[in-house]
Amino acid sequence: MKKYLAILLIGLLALTGCSSKPKEEETAPGKDYKIGTAVLTSEKLADAGEEAGKFEVNTYYATVVLDGDKIASVYIDAAQNTIKVDDKDALVGFEGKGTKKELGDDYNMKTYGNAVAEWYEQIESLETWMTGQTLDEVLTMETYEKDESHPMVPAEEDLKSSVTIDVSAYLKVVEMAVANAVDAKDVVSIGTQSITSASKEGIEINTTIASVALNSKGEIAYAFIDAAQNKGASNAGVVTSENLLSSKKQLGANYNMKEYGNAVAEWDEQIASLEEYAVGLKLSDLLETPLKDGKADVEDLKSSVTIGVEGYLQAFDKAAKAATKID
């Protein structure tokens, strides 16, 4: 009897020991959606005089998650950055700020523009209003012209007290994002972010936009990269633009990497290979992609991606870390 009780006690201890091990956190299955991201760029120029000349770039971007024809989630942001030059064409400053959402209260619309709310608060109200609607319903929003700088301000009852900014660029980039939508399976969360830098030698601002959706296994279910590369010049303080208002993806073959850079493929084709490579990987595995001189040093990419990818991996990382659940 004692021998039997001893064996039973050992068995119970063993079971207790097994049950004390922490279980891996389980994530509920996600849903299948269509997801699209798009980029829209505009520029503002000012010649040098008593004040420095300006080359300002506004890069708007949006990611839209569609559940059937309804918007399940939408994210809108804008990177607004400026290079300043004097009347002798010397660079006197790069105002490399965070995006308007990243700036938050420091964008100072309430302080200096007497706004009803800061930009990020207004855009969040707009995103909330868009969620649950079809694209057609969004694009037929009731608006009014406040002034020449604000041709489309919401007049919808649910918005007119909370959104007083012009929304024309935001409606356009949302429309573009929906047009870019592709299938993504088992999606749980999604994040979209950007990184901006400027050339130290000339008038050039580069903004990289990344979007990453994660599935219930923590794998990348959707990956998007694009870049806005805006260039200008200054001659005796007169600032001009090269009018590169299309993103690298939008330029496609007209980016001319094959013709002028002897590349294996155009930029949009190479970035599509990188996106395809990313889907199915966990973020940690993607970030551990071996690099050689900033280029991917893996068999799956060596022959198709010869551009430097380190900056794009950083953008993927920033987007994934900002991912939020889709309700």
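This passage describes the overall fold, one helix contact, the aromatic pairs and three loop residues of a predicted model.

The protein chain comprises twelve helices and 13 strands. Taken along the principal axes, its C-alpha atoms fill a box of roughly 100 × 55 × 35 Å. The chain has 327 residues, of which 44% count as buried. Among the contacts in the protein chain with a separation of 6 or more, 59% are accounted for by residues 24 or more positions apart.

One helix contact was examined in detail. Helix H4 spans residues 119–130 and helix H6 spans residues 168–179; their axes come within 12 Å and cross at roughly 45 degrees. This angle makes H4 oblique to H6, because an angle from 35 to 65 degrees falls in neither the roughly parallel nor the roughly perpendicular class. The crossing in which H4 passes H6 is right-handed. On the side of H4, the contact is made by Trp-119, Ile-123, Leu-126 and Met-130, and on the side of H6 by Tyr-170, Leu-171 and Val-174. The residues of this contact divide into seven nonpolar, no polar and no charged.

Aromatic rings provide a second view of the same two helices, H4 and H6. The structure holds three aromatic pairs. In the pair of Trp-119 and Tyr-170, the ring centres are 5.9 Å apart and the planes stand at 70 degrees, so the pair is edge-to-face; the cut-off for this class is an angle over 60 degrees. Trp-119 belongs to helix H4 and Tyr-170 to helix H6, and the pair links distant parts of the chain, 51 residues apart. Trp-119 and Tyr-170 are both buried. Together with Tyr-60, Trp-119 and Tyr-170 form one aromatic cluster.

Another aromatic pair is formed by Trp-267 and Tyr-312, with a distance of 6.0 Å centre to centre and 75 degrees between the planes; this pair is edge-to-face. Trp-267 lies in helix H9 (residues 267–278), whereas Tyr-312 lies in helix H12 (residues 310–321), so the pair ties together parts that are 45 residues apart in sequence. Both Trp-267 and Tyr-312 are buried.

Attention now turns to the loops. Most residues other than glycine have a negative phi. Asn-108, however, has a phi near 65 degrees, which is a positive value in a residue other than glycine. Asn-108 is placed in the loop between helix H2 (100–103) and helix H3 (109–113). With a relative accessible area of 25%, Asn-108 is partly exposed, since the buried class requires a value under 20% and the exposed class a value over 50%. For Asn-256, phi is likewise positive, near 65 degrees, in a residue other than glycine. Asn-256 is found in the loop between helix H7 (248–251) and helix H8 (257–261). Its relative accessibility is 23%, and Asn-256 therefore counts as partly exposed.

A third loop residue, Gly-202, lies between strand S7 (182–198) and strand S8 (203–215). Gly-202 has a relative accessibility of 24% and so counts as partly exposed. When its neighbours within four places in sequence are left aside, Gly-202 is in contact with Ile-83 and Leu-91. The C-alpha atoms of Gly-202 and Ser-234 are separated by 9.1 Å, although these residues are 32 residues apart along the chain.

How values were computed
Residues numbered from 1 in each chain as written. Predicted model: local features only at pLDDT ≥ 70, side-chain atom pairs only at ≥ 80, totals over all residues. Heavy atoms only, no water. Axes fitted to C-alpha atoms, helices over the stretch in contact; angles between N-to-C directions. Helix = DSSP H or I, 4+ residues; strand = E, 2+ residues; numbered from the N terminus. Parallel < 35°, antiparallel > 145°, perpendicular 65-115°, else oblique. Left-handed = near helix turned anticlockwise from the far one by under 90°. Contact = heavy atoms within 4.5 Å. Nonpolar A, V, L, I, M, F, W, Y, C, P; charged D, E, K, R; others polar. Phe/Tyr/Trp six-rings, centres within 6.5 Å; stacked < 30°, edge-to-face > 60°. Buried < 20%, exposed > 50% of the residue type's maximum accessible area, 1.4 Å probe, protein only.
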